[in-house]
Every structure is written in C-alpha cells, then in structure tokens.
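Student: I'd like to take a close look at one part of this protein with you. Could you walk me through it slowly?

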Amino acid sequence: MTVSQSACEDCAFHNVNSLKKLGIDTDNIDYVVALAGNPNTGKSTVFNALTGLRQHTGNWPGKTVVRAEGAYQYDEKRYKLIDLPGTYSLLSTSQDEEVARNFILFGKPDVTVIVADATRLERNLNLVLQILEITNKAVLCLNLMDEAKRNNIKIDQRALAKKLGVPVVETVARSQKGIPELLSTIADIATGKIVSKPRKVKNLNRQIEKSVNQLAREIEKKFPGIPNSRWVAFRLLEGDKRITEAVVNNELMELV
C-alpha cells in the first residue's frame, strides 16, 4: 500500500466517523442541501445514506407533490437535506418540475447535489446544465457507478468536472461507496472552501443578451431582492406561463 492510498483511506475513515445521522431532527440547522435529479437515479438512496431515514415524507405547502426532508451532522455542522421531486427538466411543465425549479431558484439552498445515473449520463446532463444556470453551489453526484462499470461505461471524472465547472463525485450509494467524498465536498462548498464557476450559456446573440440584461434589471426594480433575475428573464422570453403569471400578478415574491 502506498502512502497516498493510506492517506486517502484514513481520510475516508475520518469522513465516515464524522457523520451523525439525525433523521427528522432538523432544528438548529447550519446549512440547507437540496437533492435534485432525474427519476430513478438513486436520489432517495443518497438521502437515506446521509440521514438514516427511509424517506420521511409530507407534502409541499399547497401542493400534492411529496417532499422528503431529514438531517445529518458532519464535522459539528448540521445540514438539512431536502429531496426534491425527480424531474427531467426545470421548465415547469408539471407540478414536480415547478416545485424543484422554485426551490432551487428561490429557496437558495447552500448546496445543490445533482444526482445523475452514470449509465445514462447524456440524458441526465440536460437537467444538470439547467441547474448550473441557476446556482454555482452545486456538486454532481455520479451514482450507480457499479452498474456503469458492469456495462463497460467509462467516465473521465476530472474531465467532466473541468467541463462543467463543478465538483464531480462518483458513488454507489446503496453500498455507501463514495459517500465520504460526497460529504466532504458538500461541506467544502457550503463553507466556501470550494468556489465553483459552472458552465453557463455563452455566445448569445447580441440582441438577445441585451434583452435579457434589460429585462433582468426591470425584474430587480419590480421585485427588489429577487434572486436569479437573469434566469427569470430567460424564462419570460421563452414564454414560461407560470413565471409570466407570477410577474404579471405580482406573485413572484410569493414563489420565493
């Protein structure tokens, strides 16, 4: 065993033993973490691995959409974990998408963990890129890596992280593999030790860029303190009915 391998294993051992699963005890929380991802990516397994729960569920206020939340303690800091509804996009064509979109957009979680199926990465990247348009406090959790290897799927983790501009952690959540690295990465993002610069939409038509910036300024004037005004501007230009209604009816801050 090399020195570097030993150090790595010692680090993983420390991370595991620094985790205290708090279940439904969400009092005195230091950070809020959102779990997002497509359906069937293992999000709930990641949730259970961190909180010790088997999905403690209720409904989002005013919605029939199920929510699951729990908590854990890591290195003396307490984290509230919210498992958002599984969704393929944030374009708000369903209640699930609206709930996930609004929480990431307006709830301003300290960290968003995007859980992706490593065997279907290309299909999952659509949601990943949409989330990275909203927040830079994100980590991509490449789950089901054991199945990817069985199917001879190889992913260059470092190259992917460089392309996306956010940390990428490989996991097999059902067997706890990679969970220590995920815990450490979440903590580093939450505390500011990791500052990401995620991939954003670039090379927009000059007129579109001008329109987006102008609209974003008007949104900020009408709704002071609104987060992600640029993203809201994009949705308005694309004809997002729910966001348009919220702006016209002065309900945008209610979504927050």
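Student: Is aspartate 117 buried or exposed? Please tell me about its surroundings too.

Tutor: Happy to! Keep in mind that this is a predicted model. Aspartate 117 has a relative accessible area of 4%. The cut-off for buried is under 20%, so aspartate 117 counts as buried. Its charged side chain has a partner: aspartate 117 forms a salt bridge with arginine 120, and their closest N and O atoms are 3.0 Å apart. Arginine 120 is partly exposed, at 42% relative accessibility. So this salt bridge joins a buried residue to a partly exposed one.

Let's set that beside another pair. Arginine 230 and glutamate 209 also form a salt bridge, with the closest N and O atoms 2.9 Å apart. Arginine 230 sits in helix 9 (residues 229-237) and glutamate 209 in helix 8 (residues 206-222), so this bridge ties together parts that are 21 residues apart in sequence. Here arginine 230 is partly exposed at 31%, and glutamate 209 is partly exposed at 24%. A further bridge, of 3.6 Å from N to O, brings together the side chains of glutamate 69 and lysine 80. Glutamate 69 belongs to strand 4 (residues 66-74) and lysine 80 to strand 5 (residues 77-83). The structure holds eight salt bridges, and Asp146, Glu147 and Arg174 are linked in a network of them.

For a buried residue without a charge, look at asparagine 38. It lies in the loop between strand 2 (31-37) and helix 2 (43-51), and its relative accessible area is 2%, so it is buried. A polar atom of its side chain lies 2.9 Å from the backbone oxygen of threonine 87. The side chain of asparagine 38 also makes a polar contact of 3.4 Å with the side chain of asparagine 124. Among the other residues that asparagine 38 touches are Val115, Arg123 and Leu127.

Now for the nonpolar side of the picture. In soluble globular proteins, nonpolar side chains tend to be buried together. The largest nonpolar core here has 44 residues, and Leu84, Leu140, Leu142, Leu160 and Leu252 have the most contacts inside it. Helix 4 (residues 121-134) gives the most to this core, with six residues. A second, separate core of 28 residues includes Val46, Ala68, Leu81 and Ile179.

Finally, step back to the whole chain: buried residues make up 48% of its 256 residues, and aspartate 117 is one of the buried ones.

Terms used: Residues are numbered from 1 along each chain as its sequence is written. This is a predicted model: local features need pLDDT of at least 70, side-chain atom pairs count only at pLDDT 80 or more; totals for chains, interfaces and linings use all residues. Side-chain values use heavy atoms; hydrogens and water are left out. Helices (H or I, at least four residues) and strands (E, at least two) are DSSP runs, numbered from the N terminus. Buried means under 20% relative accessible area, exposed over 50%, partly exposed in between (1.4 Å probe, protein chains only). A polar contact is a pair of N or O atoms within 3.5 Å; within protein, one must be able to donate a hydrogen and the other to accept it, and residues adjacent in sequence count only if both atoms are side-chain atoms. Contact means heavy atoms within 4.5 Å. A nonpolar core is a set of buried Ala, Val, Leu, Ile, Met, Phe, Trp, Tyr and Cys residues joined through side-chain atoms within 4.5 Å. A salt bridge is a side-chain nitrogen of Lys or Arg within 4 Å of a carboxyl oxygen of Asp or Glu. Lists of a residue's contacts leave out its neighbours within four places in sequence.
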